[in-house]
Amino acid sequence: MDVLLLTGYHGTSAENAKSILKSGKFLLSSGTKEWLGTGIYFYREFEDAYDWARGNPGGGEVLHIIAEVDRDRYLDIDSPGGKLLCGKMLDIIQRDFTYVVKGTAQENQCAVMNYIWSYCKNIDVLSAEFPVEKTKTPLLSDFRRRRREFCLRDNSLIKSIQLIEKGDLK
Amino acid sequence: MTKEDKILKDFEAQIKGMNLSERTRFLRELGFNVTPKKASVRRIRSRRCGRRIKATAE
């Protein structure tokens, strides 16, 4: 097995951080607009998780995790094949099976990811980059700042969880 | 075959084996907001596909 060590940051409320540290487990985020489907979300960069945590009343906390995954079970949605995955799946539904698909881009992406989580037993991690802000002026190239997220479903892949104390920030 | 190709192939094979109502329920449970096209559209589509298959065979 070719092991991949993933470092991630999870921004949450102080209360949730306390509960995660106590149980050693994260709860799965679910909904119809989760970009990488139902799962546990981490940012690759501390600043992004910190921004997210700051949105919580009282400031929130950032947890640092290390996850151990098999490289073959890691799927990067930004890879050439990954980029085409959502579009091709919608093509199959619409063109080959003559359905009208009405969902938003976010809902459709969530549904594709949920298919992967439910039926592709050889995938443990989904990862992708998302733009931080909405499009303002359409340009041929997308110059918006992006942040990378990854999503796991299995808590047992997480080998360590640590609270980043305010004093750790320099 | 790449991981992504396998996902698509499995997905296609899975929904191909379902009838219309099973397929619609399956897609909706995943979170797709789908509506099957009218039966007339589906018939035309299947007739066209049939012609294409026949033409290829000939």
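Asp76(A), Asp78(A) and Arg148(A) are linked in a network of salt bridges, a salt bridge being a side-chain nitrogen of Lys or Arg within 4 Å of a carboxyl oxygen of Asp or Glu. Before going further, please keep in mind that this is a predicted model, where local features need pLDDT of at least 70, side-chain atom pairs count only at pLDDT 80 or more, and totals for chains, interfaces and linings use all residues. Residues are numbered from 1 along each chain as its sequence is written, chains are lettered from A in the order in which they are written, and side-chain values use heavy atoms, with hydrogens and water left out.

**Salt bridges**

Over all chains, the structure holds 9 salt bridges. Three of them, within chain A, are tabulated here.

| Pair | Closest N to O distance |
|---|---|
| Asp48(A) and Arg145(A) | 3.5 Å |
| Arg148(A) and Asp76(A) | 3.4 Å |
| Arg95(A) and Asp96(A) | 3.0 Å |

Asp48(A) sits in helix H2 (residues 46-54) of chain A and Arg145(A) in the loop between S6 and S7 of chain A, so this pair ties together parts that are 97 residues apart in sequence. Helices (H or I, at least four residues) and strands (E, at least two) are DSSP runs, numbered from the N terminus. Asp48(A) is buried at 3% relative accessible area, while Arg145(A) is partly exposed at 45%; buried means under 20% relative accessible area, exposed over 50%, and partly exposed in between (1.4 Å probe, protein chains only).

Arg148(A) and Asp76(A) also link distant parts of the chain, with Arg148(A) in strand S7 and Asp76(A) in strand S4 (residues 74-76) of chain A, 72 residues apart. Asp76(A) is partly exposed, at 22% relative accessibility. In the remaining tabulated pair, Arg95(A) is partly exposed at 47%, and Asp96(A) is partly exposed at 28%.

**Strand S7 of chain A**

In S7(A) (residues 146-152), 6 of the 7 residues are buried, so this strand is largely enclosed by the rest of the structure. Strand S6 (residues 125-131) of chain A pairs with S7(A) in the antiparallel sense over 7 bridges, and Ser127(A) stands opposite Phe150(A). Strand S2 (residues 40-43) of chain A also runs antiparallel to S7(A), joined by 4 bridges, with Tyr41(A) partnering Cys151(A). Two strands pair if DSSP finds at least two bridges between them.

**Where the chains meet**

On the interface, 25 residues of chain B are in contact (heavy atoms within 4.5 Å) with 33 residues of chain A. The area buried between the two chains is about 2,700 Å², with carbon and sulfur atoms giving 68%; buried area is the accessible area (1.4 Å probe) that two parts lose on being put together, summed over both. Lys3(B), Ile7(B) and Phe32(B) supply 23% of the area that chain B buries against chain A, more than any other three residues. The rule finds 0 salt bridges across this interface.

A strand pairing also crosses between the chains: strand S5 (residues 99-101) of chain A and S1(B) pair in the antiparallel sense over 3 bridges, and Val101(A) stands opposite Val34(B). Another place to look is Ala111(A), in helix H4 (residues 105-119) of chain A. Ala111(A) is buried, with a relative accessible area of 0%, and touches Leu30(B), Gly31(B) and Phe32(B), not counting residues up to four places away in sequence.
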